[in-house]
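Open the structure in your viewer and keep the selection tool at hand. This tour moves from stop to stop, saying what to select and what is there.

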Amino acid sequence: NVLAAQNAVEHGSVESIQFRDGFLTEASASNVWIVKDGVLIGPPKDHLILEGIRYGLIEEICAARQIPLQARRISRAEVFAADEVMLSSATKEVLAVVQIDEQTIGKGLPGPIYQQLYAAYQEAKAAS
């Protein structure tokens, strides 16, 4: 993951999103989420990802805000066809991804689910 992060920096990117056998796992230092048809989808918490400390917070926010959430395997094609893609981590908090490998994601702007998660994250941070 350190080499992937360095590669991202060398190419002017914030993160390096990783896939294994055609399925999304994680980024070099973040969890990765996609949104399709209003549902937030993340890779399952298993041996293929390091469950970031903010994964649980995202689950809590979704439950509180009634944002549908699924944990399942996500194909590479689904990532590129997503309405929204975002990262979560302690240092990045919640960060919208609008382009991957020179391909625009969704409308190329942070989407409505990102905006809800970001606002709720900021509220949780202020309350702690």
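Leaving aside neighbours within four places in sequence, which residues is M86 in contact with? Select M86 and look around. Its contacts are N31, V32, W33, V35, L40, V94, L95, A96, V97, I113, Y114 and L117. Keep in mind that this is a predicted model.

**The whole chain**

Zoom out for a moment. The protein has 128 residues, and 41% of them count as buried. Colour by secondary structure: there are four helices and nine strands. Along the sequence the pattern reads α-β-β-β-β-α-β-α-β-β-β-β-α. Now turn on contacts between residues at least 6 apart in sequence. Of these, 58% join residues at least 24 apart.

**The cores**

Go back to M86. This residue belongs to the largest nonpolar core, which has 17 residues. Select L40, M86, V94, I113 and L117 together: these touch the most other members. Then show strand 3 (31–36), helix 2 (55–65), strand 7 (93–97) and helix 4 (112–127), each of which supplies at least two residues of this core. Another core lies apart from it, with 16 residues. Pick out I17, V39, V85 and V97, which are among its members. In soluble globular proteins, nonpolar side chains tend to be buried together.

**Strand 4 and its partners**

Next, select strand 4, residues 39–42. Which way do its side chains point? V39 and I41 point one way, L40 and G42 the other way. All four are buried.

Add strand 3. Strand 3 and strand 4 pair in the antiparallel sense, over three bridges. Find K36 and look across to strand 4: V39 stands opposite. The two strands form a hairpin with two residues between them. Click on D37 in the turn, where phi is positive, at about 55°.

Now add strand 5, residues 69–71. Strand 4 pairs with strand 5 in the parallel sense, again over three bridges. Here G42 stands opposite A71.

**Strands 6 and 7**

Move to strand 6, residues 84–89, and show strand 7 with it. The two run antiparallel and are joined by five bridges. Select S88: its bridge partner in strand 7 is V94. Follow the chain from strand 6 to strand 7 and you pass through a hairpin of three residues. Is strand 7 mostly covered or mostly open? It is mostly covered, with four of its five residues buried.

**Helix 2**

Select helix 2 and show its side chains. Y55, G56, L57, I58, I61 and C62 are buried. What do the buried residues of helix 2 pack against? Show strand 3, strand 4, strand 5, strand 6, strand 7 and helix 4: the buried residues pack against each of these elements. Step just past the end of helix 2 to Q66, which takes a positive phi of about 55°.

**Helix 2 against helix 4**

Keep helix 2 and bring back helix 4. Two packed helices are described by the angle between their axes and the distance between the axes. Here the axes come within 10 Å and cross at roughly 110°. Helix 2 and helix 4 are therefore roughly perpendicular to each other. Which residues make the contact? From helix 2, select L57, I61, C62 and R65. From helix 4, select Q116, L117, A119, A120, Y121, E123 and A124. By class, this contact has eight nonpolar, one polar and two charged residues.

**Q116**

Stay in helix 4 and centre on Q116. Is Q116 buried or partly exposed? Q116 counts as partly exposed because its relative accessibility is 30%. Leaving out residues up to four places away in sequence, Q116 touches R65 and I67. Draw a C-alpha to C-alpha distance from Q116 to I67: it reads 8.9 Å, for two residues 49 apart in sequence.

**Last stop: S28**

Finish at S28, in the loop between strand 2 (23–27) and strand 3. S28 is buried, with a relative accessible area of 10%. Draw one more C-alpha to C-alpha distance, from S28 to Q18. These two are ten residues apart in sequence and 7.2 Å apart in space.

Notes
Residues are numbered from 1 along each chain as its sequence is written. This is a predicted model: local features need pLDDT of at least 70, side-chain atom pairs count only at pLDDT 80 or more; totals for chains, interfaces and linings use all residues. Side-chain values use heavy atoms; hydrogens and water are left out. A nonpolar core is a set of buried Ala, Val, Leu, Ile, Met, Phe, Trp, Tyr and Cys residues joined through side-chain atoms within 4.5 Å. Buried means under 20% relative accessible area, exposed over 50%, partly exposed in between (1.4 Å probe, protein chains only). Contact means heavy atoms within 4.5 Å. Two strands pair if DSSP finds at least two bridges between them. Axes are lines fitted to C-alpha atoms, for helices over the stretch in contact, and angles run from 0 to 180 degrees between N-to-C directions. Angles under 35 degrees count as roughly parallel, over 145 as roughly antiparallel, 65 to 115 as roughly perpendicular and the rest as oblique. Ala, Val, Leu, Ile, Met, Phe, Trp, Tyr, Cys and Pro count as nonpolar, Asp, Glu, Lys and Arg as charged, and the others, Gly among them, as polar.
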